[in-house]
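I wanted to know what fills the inside of this protein and where it leaves space. These are my notes, in the order in which I looked things up.

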Amino acid sequence: MKKYLPSFVCGFGAGVLQVVPVAKTFTCCLIVPAAAFLAIYLEKKASNDEAVIDLKKGAIIGLITGLFAAVFGSFFDLFITFITKNNDMVSAFTDFQNMILNFPLDENLKTEILDLMANVVDEIKTTGFSALYAFSVIINNIVINPIFGIVGGLIGVKVLESKNSNLRM
């Protein structure tokens, strides 16, 4: 477990920030890569090793950090939705309806989409849970966060490597 502690801590932090209203917009492009970078930095500090972390290890640390961020972010999002019976989808449903109605789609398809989303919104408002919403949040986070975690891990290795090479000179 000690081996995964930096990824766990940074993934937890990214998962928490994933549900903060303003910060959630930057989750994939800033928060998860920054968490992976921080996990690599913490791993390097914890090991007290002057050796360069290779790209493969950086990618793995980023992947694990992204997976932890996905698990915690999904849990907190679904938990807060369950407790409050409200989320961004419920709040923006009228805007979503207007957008779909303005799309150049077949009327039957528009109706199906709006009925499906209205059902999700009704389930969230009444019970606080929608299986379709939960599925989409979990799949989205499990696919997107590890990808950006890997990117952050690779960038983190290169940045820390360049700082170390400058210190050695």
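**Entry 1. Terms for the linings.** Before sorting any lining by class, I wrote down the classes: Ala, Val, Leu, Ile, Met, Phe, Trp, Tyr, Cys and Pro count as nonpolar, Asp, Glu, Lys and Arg as charged, and the others, Gly among them, as polar. I also noted that the model is a predicted one.

**Entry 2. The largest cavity.** I looked up the enclosed spaces, and the count is two cavities of 30 Å³ or more. The largest cavity holds about 50 Å³ of space. Its lining consists of I40, K44, V52, I53, V157, L160, E161 and N164. By class, I sorted the lining of the largest cavity into five nonpolar, one polar and two charged residues. I then asked which element gives the most to this lining. The answer is α7, with four residues. Both α2 and α7 supply at least two residues each.

**Entry 3. The second largest cavity.** The volume here is about 30 Å³. I found L78, T81, F82, G128, F129, S130 and Y133 lining the second largest cavity. Helix α3 gives the most to this lining, with three residues. The classes are four nonpolar, three polar and no charged residues.

**Entry 4. The largest pocket.** Next I turned to the open spaces. The largest pocket contains about 570 Å³ of space. It is lined by 21 residues, and Q18, K24, D77, D88 and Y133 are the closest to its centre. I had already met Y133 in the lining of the second largest cavity. The elements giving two or more residues to the lining of the largest pocket are α2, α3, α4 (88-91) and α7. The most comes from α7, with seven residues. How does the lining of the largest pocket divide by class? I wrote down eight nonpolar, 10 polar and three charged residues.

**Entry 5. The second largest pocket.** This one has about 260 Å³ of space. Of its 11 lining residues, those closest to the centre are Y41, K44, K45, L160 and N164. I recognised K44, L160 and N164 from the lining of the largest cavity. In the second largest pocket, α2 and α7 each supply at least two lining residues. The lining divides into four nonpolar, two polar and five charged residues.

**Entry 6. The nonpolar cores.** I then went from the spaces to the packing. In soluble globular proteins, nonpolar side chains tend to be buried together. Here the largest nonpolar core has 13 residues, and A14 and I40 have the most contacts inside it. Two or more of its residues come from each of α1 (5-17), α2 (27-47), α3 (55-84) and α7 (131-168). The largest share, five residues, is from α2. I checked what A14 touches beyond four places away in sequence, and found I31, A35 and A69. Apart from this core lies another, of 10 residues, including V120, V121, I124 and Y133.

**Entry 7. Aromatic pairs.** A search of the whole structure gave me eight aromatic pairs. I looked at F12 and F72, whose ring centres are 5.0 Å apart with the planes at 85°; planes over 60 degrees apart count as edge-to-face, so this pair is edge-to-face. F12 is in helix α1 and F72 in helix α3, 60 residues apart, and the pair links distant parts of the chain.

Are the two rings' residues buried or exposed? F12 has a relative accessible area of 36%, and I put it down as partly exposed. F72 has 17%; buried means under 20%, so F72 is buried.

F72 also pairs with F68, and this pair is stacked, at 6.5 Å centre to centre and 25° between the planes. Why are F68 and F72 separated by about one helical turn? It is because they are four residues apart in helix α3. F68 has 23% relative accessibility and therefore counts as partly exposed.

**Entry 8. The aromatic cluster.** Last, I looked up which residues join F12, F68 and F72 in one aromatic cluster. They are F8, F75, F76 and F79.

Terms used: Residues numbered from 1 in each chain as written. Predicted model: local features only at pLDDT ≥ 70, side-chain atom pairs only at ≥ 80, totals over all residues. Heavy atoms only, no water. Core = buried A, V, L, I, M, F, W, Y, C linked by side-chain atoms within 4.5 Å. Buried < 20%, exposed > 50% of the residue type's maximum accessible area, 1.4 Å probe, protein only. Contact = heavy atoms within 4.5 Å. Phe/Tyr/Trp six-rings, centres within 6.5 Å; stacked < 30°, edge-to-face > 60°. 1 Å grid on protein atoms, 1.4 Å probe; cavity = no way out; pocket = protein on both sides within 12 Å on 5 of 7 lines; lining within 4 Å. Points joined across faces, edges and corners; volume = space filled by probe spheres on them.
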